[in-house]
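Open your viewer, set it to a cartoon view, and keep the selection panel at hand. We will go from the whole chain to single residues, one selection at a time.

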Amino acid sequence: MFSVYQSSRTRYKNDMESFINKYNVSRETYQNLEKMVNLLQQWQNKFNLVSRNSLADVWTRHIADSAGLFKYLPAEVDSVYDLGSGAGFPGLVLAIMAKEIYPSAKFTLIESITKKTLYLNAVKDALMLDNVCIINARAEDLTLPPADVVTARAVASLDKLLNCVFKLTSRQTKLIFPKGKTYQDELTEALKKWNFKVGVQKNEESEDGIILLLENLRRKKK
């Protein structure tokens with residue numbers, strides 16, 4: 001039993017060090033991410049925030065996978081909406097990373113499950129993230145000004161995502177959606193109802209994953 005625990009801790013430490021070396025974040029940013037991970041581990045005992053199997057690989061499966069989206073934020077970003085924020089991936093991670101680099105950017109985390117918003121607010125308060133707003137609601141029920149950026153990770157198929165976020169976007173809004181190996185099928189289905197400019201980038205944190213970058217979203221006329 002001890003050897004299994006020791007192996008898990010060694011992997012955790014190695015993953016954490018790999019993240020620090022790859023993303024070269026500041027000491028304050030790293031410390032805040034580590035605090036977030038600690039809070040996630042504590043709250044996981046109360047609520048099922050992430051799959052139990054992924055918790056041991058949290059730095060690669062969740063933190064790094066979210067941090068990989070950071071470089072796609074536009075230089076003049078002011079507002080980011082994160083749909084279905086869940087345990088804070090990618091919204092909280094991006095907000096923590098942006099605090100020093102984009103101090104004027106505001107991150108709105110939209111989560112419909114109340115117990116998950118309790119956790120999100122606990123992290124926000126513990127880390128004093130004044131650049132974060134948390135809304136307990138369904139995105140399609142909200143009326144908010146169009147965002148500069150909308151993110152969503154492991155929430156729904158592309159067509160369903162676009163239906164949820166359309167009211168929260170303008171043609172200038174950049175949509176950043178990590179997707180898996182079936183993304184081509186999702187694109188094909190979405191293009192039956194939507195027009196948009198699309199870019200596809202390799203997800204460096206996932207063997208089969210990609211990152212969809214959408215702009216100029218318009219609903220097709222029937």
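The tour below begins with the overall fold and then stops at a few chosen residues.

**Before you click**

This is a predicted model, in which local features need pLDDT of at least 70, side-chain atom pairs count only at pLDDT 80 or more, and totals for chains, interfaces and linings use all residues. Residues are numbered from 1 along each chain as its sequence is written, and side-chain values use heavy atoms, with hydrogens and water left out.

**Stop 1: the whole chain**

Select everything and colour by secondary structure. You should find eight helices and seven strands; here helices (H or I, at least four residues) and strands (E, at least two) are DSSP runs, numbered from the N terminus. Along the principal axes, the C-alpha atoms fill a box of roughly 60 × 35 × 30 Å. What is the radius of gyration? The protein has 17 Å, which agrees with the value near 17 Å for a compact globule of 222 residues. That quantity is taken over C-alpha atoms, and the globule rule is 2.2 Å times the number of residues to the power 0.38.

Now switch on the surface. Its accessible area is about 11500 Å², and carbon and sulfur atoms own 49% of that; the areas come from the Shrake-Rupley method with a 1.4 Å probe, and for residues only the protein chains shown count as cover. Of the 222 residues, 50% count as buried, where buried means under 20% relative accessible area, exposed over 50%, and partly exposed in between (1.4 Å probe, protein chains only).

If you like contact maps, note that 74% of the contacts with a separation of 6 or more are between residues 24 or more positions apart. Contact means heavy atoms within 4.5 Å.

**Stop 2: Asp 15**

Select Asp 15 in helix H1, which covers residues 2–23. Is Asp 15 buried or exposed? Asp 15 is buried, because its relative accessible area is 15%. Show what surrounds Asp 15: beyond its neighbours within four places in sequence, the contacts are Ala 56, Asp 57, Trp 59 and Thr 60.

**Stop 3: Ser 79**

Move on to Ser 79, in strand S1 (residues 79–83). With a relative accessible area of 17%, Ser 79 is buried too. Leaving out neighbours within four places in sequence, Ser 79 is in contact with Lys 106, Pro 146, Ala 147, Asp 148 and Val 149. Draw a C-alpha to C-alpha distance to Ala 147: the two residues are 68 apart in sequence and 5.2 Å apart in space. Then look at the side chain of Ser 79, where a polar atom lies 3.0 Å from the backbone nitrogen of Asp 148.

**Stop 4: the cis peptide**

Where does Pro 90 sit? Pro 90 is in the loop between S1 and helix H5 (91–101). Zoom in on the bond joining Phe 89 and Pro 90, a cis peptide bond with omega of about 5°. Most residues other than glycine have a negative phi, and most peptide bonds are trans.

**Stop 5: two positive phi angles**

Met 128 is not a glycine, yet has a positive phi of about 55°. Find Met 128 in the loop between helix H6 (114–127) and strand S3 (132–136); at 64% relative accessibility, Met 128 counts as exposed. Next select Ala 154, another residue that is not a glycine but has a positive phi of about 55°. Ala 154 belongs to the loop between strand S4 (149–152) and helix H7 (158–165) and is exposed, with a relative accessible area of 77%.

**Stop 6: Asn 136**

Finish at Asn 136 in strand S3, which is partly exposed at 38% relative accessible area. Not counting residues up to four places away in sequence, Asn 136 touches Glu 111, Ser 112, Ile 113, Thr 114 and Thr 117. Its side chain makes a polar contact with the side chain of Thr 114 at 3.0 Å, and one of its polar side-chain atoms lies 3.2 Å from the backbone oxygen of Ser 112. A polar contact is a pair of N or O atoms within 3.5 Å; within protein, one must be able to donate a hydrogen and the other to accept it, and residues adjacent in sequence count only if both atoms are side-chain atoms.
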